[in-house]
Amino acid sequence: MFDVKDLYQEVIVDHNRSPRNFGKLDPAGRTLEGFNPLCGDRLTLYLNLDDDRISDISFDGSGCAISIASASLMTEGIKGKSVQEAGTIFTDFHELLTDSSRVIDLAAMGKLAVLAGVREYPSRVKCATLCWHTLRALLAGDDAPVSTE
């Protein structure tokens, strides 16, 4: 029988072992660092925009499996999206992990929906959202490193 927890673990392990879009994007139009002092996760996001569309994105850094998998899934999920679409995905993803009262269309979330399991581990939510907060700051044009604290 299909078990969501097994799928969650399988996807986390897969994206941690073989992260997609991992490595420095050269040249990158924008870069920004993010840090999670609680867990020690560190990453740098690299981004290129073509008008209002994310034409390329990558990341590098180190962290726990959830942090790396989330960044990997995020870069897959937003590449080719507009800045506005990425903002909507950020909001939906953040609320998926932090607001159990909101109904989220999991099918529309695609592979990102598997990270809904992080909600069961509140201390790990910051691990999963570090890359997302870094992306939001990067798209807003911020240049100060992002911290989850």
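This short talk goes through the sheet, the helices packed on it, the nonpolar core and the aromatic contacts of one structure. Please keep in mind throughout that what we are looking at is a predicted model.

Let me begin with the sheet, which is open and is formed by four strands in the order β3-β2-β1-β4, with mixed pairing. At its edges stand β3 and β4, the latter covering 146-147, and each has a single partner strand, so one side of each is left without a neighbour in the sheet. Further in, β1 pairs with strand β2, residues 41-50, in the antiparallel sense, and this pairing runs over seven bridges. To give one position that you can find on the screen, G34 has L43 in β2 as its bridge partner.

Two helices that pack on this sheet deserve a look. Helix α2, residues 65-78, touches β2 and β3, and its direction makes about 170° with that of β3. Helix α5, for its part, touches β1, β2, β3 and β4, with its direction at about 150° to that of β1.

That brings me to the interior. The largest nonpolar core has 43 residues, and those touching the most other members are M74, I78, F93, L115, V118, W132 and L135. At least two residues of this core come from each of α1, β2, β3, α2, α3 and α5, while the largest share, 10 residues, is supplied by α5.

Within this core I would like to stay with W132 for a moment. Leaving aside residues up to four places away in sequence, W132 touches S70, M74, I78, I89, F90, F93 and L112.

Now to the aromatic pairs, of which the structure holds two. In the pair of F22 and F59 the ring centres are 5.2 Å apart and the planes stand at 85°, so we call it edge-to-face. This pair links distant parts of the chain, since F22 sits in the loop between α1 (4-17) and β1 (30-36) and F59 in strand β3 (residues 53-62), 37 residues apart. F22 is partly exposed, at a relative accessible area of 43%, whereas F59 is buried, at 1%.

The other pair, F93 with W132, has its ring centres 4.7 Å apart and its planes at 25°, so this one is stacked. Because F93 lies in helix α3 (residues 83-98) and W132 in helix α5 (residues 125-139), the pair ties together parts that are 39 residues apart in sequence. Both of these residues, F93 and W132, are buried.

Finally, one contact between a charge and a ring: the charged end of R42 sits over the ring of F35, at 4.1 Å from its centre.

Technical notes
Residues are numbered from 1 along each chain as its sequence is written. This is a predicted model: local features need pLDDT of at least 70, side-chain atom pairs count only at pLDDT 80 or more; totals for chains, interfaces and linings use all residues. Side-chain values use heavy atoms; hydrogens and water are left out. Rings of Phe, Tyr and Trp (its six-membered ring) pair if their centres lie within 6.5 Å; planes under 30 degrees apart count as stacked, over 60 as edge-to-face and the rest as tilted. Buried means under 20% relative accessible area, exposed over 50%, partly exposed in between (1.4 Å probe, protein chains only). A charge sits over a ring if NZ of Lys or CZ of Arg is within 6 Å of the ring centre and within 35 degrees of the ring normal. Two strands pair if DSSP finds at least two bridges between them. Contact means heavy atoms within 4.5 Å. Axes are lines fitted to C-alpha atoms, for helices over the stretch in contact, and angles run from 0 to 180 degrees between N-to-C directions. A nonpolar core is a set of buried Ala, Val, Leu, Ile, Met, Phe, Trp, Tyr and Cys residues joined through side-chain atoms within 4.5 Å.
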